Amino acid sequence: MSVAVAHANIALIKYWGKADRALNLPAVPSLSLTLAGLRTRTEARLITGAEDAVTLDGRPAGGRPRARVIAMLDQLRARAGATSRLAITSHNEFPTAAGLASSASGFAALALAASHALGLELTRQQLSALARQASASAARSVFGGWAELLTGCEHASPIAPPEHLDVRMLVAVTRRGEKAIGSTEAMLHTAETSPYYDAWVSSAGALFTRGKSALLARDLPELGRAMEHSTLAMHASMLAADPGVLYFAPESLAVMHAVRELRGRGFSTFFTLDAGPHVKVLCPSVEAPAVAKELRALPAVLELLEAAPGPAAELLEAP
Ligand code: 2P0
């Protein structure tokens, strides 16, 4: 049996849109931070049955979630020249039932565990390319710390180790339950119907360069401003779709305003939102206790998680 763990990542500069749907190549470059604590643990075991067995968070998987796992296993079998079936058991060890995105950590952990179980020794780049085909954001969770996924490139790449910038990402959980529309579907709908999609894609390169330069210069305020610009531009492209894709909840807006008010009081705090209502707040570690206290006091915040920059996906010793 092979066991792997991988951590969620949050994009500071967002991926939204596909250049090639079949290959799942992104239309825009993205830049992310892998987070400690938000971890998926995945076991892969060779079995003798006629079919793969896929268990996600304690339940047998069916439909599209199962099909996405099997697609990756089929690719790995073809590469290994193997026909063995596998039992995959994956568990999200996120300290919440909030429905935070788990596909990134999940497919990164699956690529590592399943390739190892089939006797393949893949490079990090190969693992990242494999994870990307299942879910583009998963390409970045193969690496720890700060990573990028460029356009025209099959895999993500590390930019800087976790300790490059001493920051925390505070995740303000604002709602319970599943999101209304999945991100894959929403980004295709945006590309097909939003008059702002082309503007989003054509402005994304400059935004990425701005964010990456700020990161390399360890300029947190500039990185934070680029991060807010990226998320708001991404959401603007979705809002202009027909019908508009609206992930913001009233509580999300309350937290976004609170973050800007904290900034007005001298804190270096910045927000980002993904395909859901939760607000992720970036701040220097030294400010994290005070910022967390302020955010926890908001009626809009149901739960607040505090995450440090996290490590790369890794194999664990099987028990
Ligand atoms: C990101 N998101 O960069 C962006 C920001 C959500 C908003 O990547 O279709 O699950 O599987 O490649 O990676 C979520 O979309 O999409 C995502 P697919 P994915 O993190």
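Is Asp-52 buried or exposed in this predicted model? Asp-52 is buried, with 5% relative accessible area, and the close-ups below start from that residue.

**Figure 1. Asp-52 pairs up with Arg-77.** Zoom in on this salt bridge and you'll find the closest N and O atoms 2.7 Å apart. The two partners sit 25 residues apart and tie together distant parts of the chain. Asp-52 comes from the loop between β4 (30–47) and β5 (53–56), while Arg-77 belongs to helix α1 (residues 63–80). Arg-77 counts as buried because its relative accessible area is 4%, under the 20% cut-off. For context, the whole structure holds 18 salt bridges.

**Figure 2. Lys-212 reaches Glu-148.** Here's another salt bridge, with 2.9 Å between the closest N and O atoms. Once again distant parts of the chain are linked: Lys-212 is in helix α6 (residues 197–216) and Glu-148 is in strand β8 (residues 146–149), 64 residues apart. The two ends get different labels: Lys-212 is partly exposed at 24% relative accessibility, whereas Glu-148 is buried at 10%.

**Figure 3. Arg-260 and Glu-228 bridge two helices.** The closest N and O atoms of this salt bridge are 2.9 Å apart. Arg-260 sits in helix α8 (residues 250–264), Glu-228 in helix α7 (residues 220–239), and 32 residues separate them. Arg-260 is partly exposed, with a relative accessible area of 43%, but Glu-228 is buried at 3% relative accessibility. Elsewhere, salt bridges with shared partners tie Asp-52, Asp-74, Arg-77 and Arg-85 into one network, so it's worth flipping back to Asp-52 and Arg-77 in Figure 1.

**Figure 4. Side chains put polar atoms beside the ligand's oxygens.** Start with Ser-137: an N or O atom of its side chain lies 2.7 Å from a ligand oxygen. For the side chain of Arg-140, an N or O atom is 2.8 Å from an oxygen atom of the ligand. Ser-135 joins in as well, with a polar side-chain atom 2.9 Å from a ligand oxygen. Taken alone the ligand exposes 470 Å², and the protein buries 93% of that.

**Figure 5. The shell around the ligand has 18 residues.** The ones that come nearest are Tyr-15, Lys-18, Ser-137, Arg-140 and Thr-184. What's the mix of nonpolar, polar and charged residues in the shell? It splits into 7 nonpolar, 6 polar and 5 charged. Helix α5 (residues 183–193) gives the most, chipping in 3 residues. Both domain 1 (2–162) and domain 2 (166–307) supply at least three residues each.

**Figure 6. Gln-125 meets His-155 side chain to side chain.** The two side chains make a polar contact at 3.5 Å. Gln-125 lies in helix α3 (residues 124–134). Gln-125 is partly exposed, with a relative accessible area of 43%. If you bring Val-142 into the same view, its C-alpha is 8.6 Å from that of Gln-125, with the two positions 17 residues apart in sequence numbering.

Methods: Residues are numbered from 1 along each chain as its sequence is written. This is a predicted model: local features need pLDDT of at least 70, side-chain atom pairs count only at pLDDT 80 or more; totals for chains, interfaces and linings use all residues. Side-chain values use heavy atoms; hydrogens and water are left out. A salt bridge is a side-chain nitrogen of Lys or Arg within 4 Å of a carboxyl oxygen of Asp or Glu. Helices (H or I, at least four residues) and strands (E, at least two) are DSSP runs, numbered from the N terminus. Buried means under 20% relative accessible area, exposed over 50%, partly exposed in between (1.4 Å probe, protein chains only). A residue is near a molecule or strand if one of its heavy atoms lies within 4 Å of it. A polar contact is a pair of N or O atoms within 3.5 Å; within protein, one must be able to donate a hydrogen and the other to accept it, and residues adjacent in sequence count only if both atoms are side-chain atoms. Accessible areas come from the Shrake-Rupley method with a 1.4 Å probe; for residues, only the protein chains shown count as cover. Ala, Val, Leu, Ile, Met, Phe, Trp, Tyr, Cys and Pro count as nonpolar, Asp, Glu, Lys and Arg as charged, and the others, Gly among them, as polar. Domain bounds come from an automatic or database domain assignment.
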